[in-house]
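Biologist: I am new to this structure and would like a close look at a single part. Please walk me through the contact between domains, and the charged pairs that go with it.

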Amino acid sequence: MQIANTTGLPECLFEAVKIVSSRYDKGECDYSLTELIAPPRPRALKRFYSDRIVVEAEDLLYSVIGSSVHALLEALNERPGYKPEVRWFGEIGGKVISGQADVYDERNHIIKDYKFTSSKTYQDGVKDEWVAQLNGLNYLSPTQSNKLVSIGVFRDYSKLKPVPAKGWGEYEVEPWPIEKTEEFLLERIRVHEAAAEDIPECTEEERWSTPDQWAVMKKGNVRASKLADSEEEAADYISKRKDKKQLYVEKRHGTCMRCQHYCEAASVCSQWQNDPRNPNNQEQ
Ligand code: SF4
């Protein structure tokens, strides 16, 4: 994988992003938990086209900055009872999988996972994939934990702003019964193994997509009078308005957040390269 800097990240940041990104090591295993939980298409594409993949340094920046939280937690090595950055291995369905816990509180059997993210990410609770990650770690850990915790360190926190009120949040995650986790992991292995034979498309959900919208605009206004989910809905809205002669419709493309900013396989993915929501396919 090559890392490009077409957006002109300052040189030192660019070099640091390259160094930190190359440090990731999942150990001797078939799958890391992160890979297993992610959609199968990116992993399959990365395996087939590894030399052709180009990732923009700017898109890696926040995950690299997020890893500084992990570097901070490594200081816990000096405190008995805590194991930071501990990687566990296990075999399931004939495959070796590994997963790294950010912190394992040995005395209380608590697994903690830290995310450096926007506070909005937690507004509907802990994301499904993070719940799966914690439960996967629990499956791999030598002692089953009775408490799993996702901790958000909020990058949008400011003492000068009312929201979020704190710079972090702690969210407890219900441990799954071990049979449920086993079933989940076996199904993820099946999905990924099948993708090695026949690469599937990512679903809209896997792509973190939002649909197209039609904005009803009034001449001279910057904000839309209405955001409709279809062209027909927008036309229907206009037809009922007295000021219809001043209204017009603007199509707003939906987004695929994962494809656009978070998928390392995006540069070799035809599904994304041909998508009208890809900014490169839109008229400027
Ligand atoms: S770019 Fe999007 S569609 Fe393609 S593999 Fe990545 S997430 Fe899936």
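Modeller: Happy to! Let's begin with a term we will need: a polar contact is a pair of N or O atoms within 3.5 Å, and within protein one of them must be able to donate a hydrogen and the other to accept it. Residues adjacent in sequence count only if both atoms are side-chain atoms. Please keep in mind that this is a predicted model.

Now to the two partners. The domain assignment gives domain 1 as residues 2-195 and domain 2 as residues 213-281. Their C-alpha centres are 33 Å apart. Where they meet, 15 residues of domain 1 are in contact with twelve residues of domain 2. Together the domains bury about 1,000 Å² between them, with 54% of that area on carbon and sulfur atoms.

Four residue pairs are in polar contact between domain 1 and domain 2, counting pairs with both residues at pLDDT 80 or more. On the domain 1 side, the elements that give two or more residues are α3 (40-48), β3 (54-56) and α4 (57-73). The largest share, four residues, comes from α3. By type, this side of domain 1 has nine nonpolar residues, six charged ones and no polar ones.

Charge also plays a part across the boundary, where the count is one salt bridge. Lys 46 and Glu 264 form a salt bridge, and their closest N and O atoms are 3.1 Å apart. Side chains of opposite charge can pair when their charged atoms come close.

From here we can widen the view, since the structure holds 19 salt bridges. A good one to look for joins Arg 277 and Glu 204, with the closest N and O atoms 2.8 Å apart. This pair links distant parts of the chain, 73 residues apart: Arg 277 is in the segment after α9 (270-273), while Glu 204 is in the loop between α6 (178-197) and β9 (213-218). Arg 277 counts as buried because its relative accessibility is 13%, under the 20% limit. Glu 204, at 36%, is partly exposed.

Glu 204 has a further partner in Arg 207, with the closest N and O atoms of that salt bridge 3.3 Å apart. Arg 207 is buried, at 3% relative accessibility.

For another pair, turn to Glu 233 and Lys 226, a salt bridge whose closest N and O atoms are 3.5 Å apart. Here Glu 233 is partly exposed at 29%, and Lys 226 is partly exposed at 25%. Elsewhere, salt bridges with shared partners join Glu 204, Arg 207, Asp 275 and Arg 277 into one network.

Definitions and conventions: Residues numbered from 1 in each chain as written. Predicted model: local features only at pLDDT ≥ 70, side-chain atom pairs only at ≥ 80, totals over all residues. Heavy atoms only, no water. Domains from an automatic or database assignment. Contact = heavy atoms within 4.5 Å. Buried area = accessible area lost by both parts, 1.4 Å probe. Salt bridge = Lys/Arg side-chain N within 4 Å of Asp/Glu carboxyl O. Nonpolar A, V, L, I, M, F, W, Y, C, P; charged D, E, K, R; others polar. Buried < 20%, exposed > 50% of the residue type's maximum accessible area, 1.4 Å probe, protein only.
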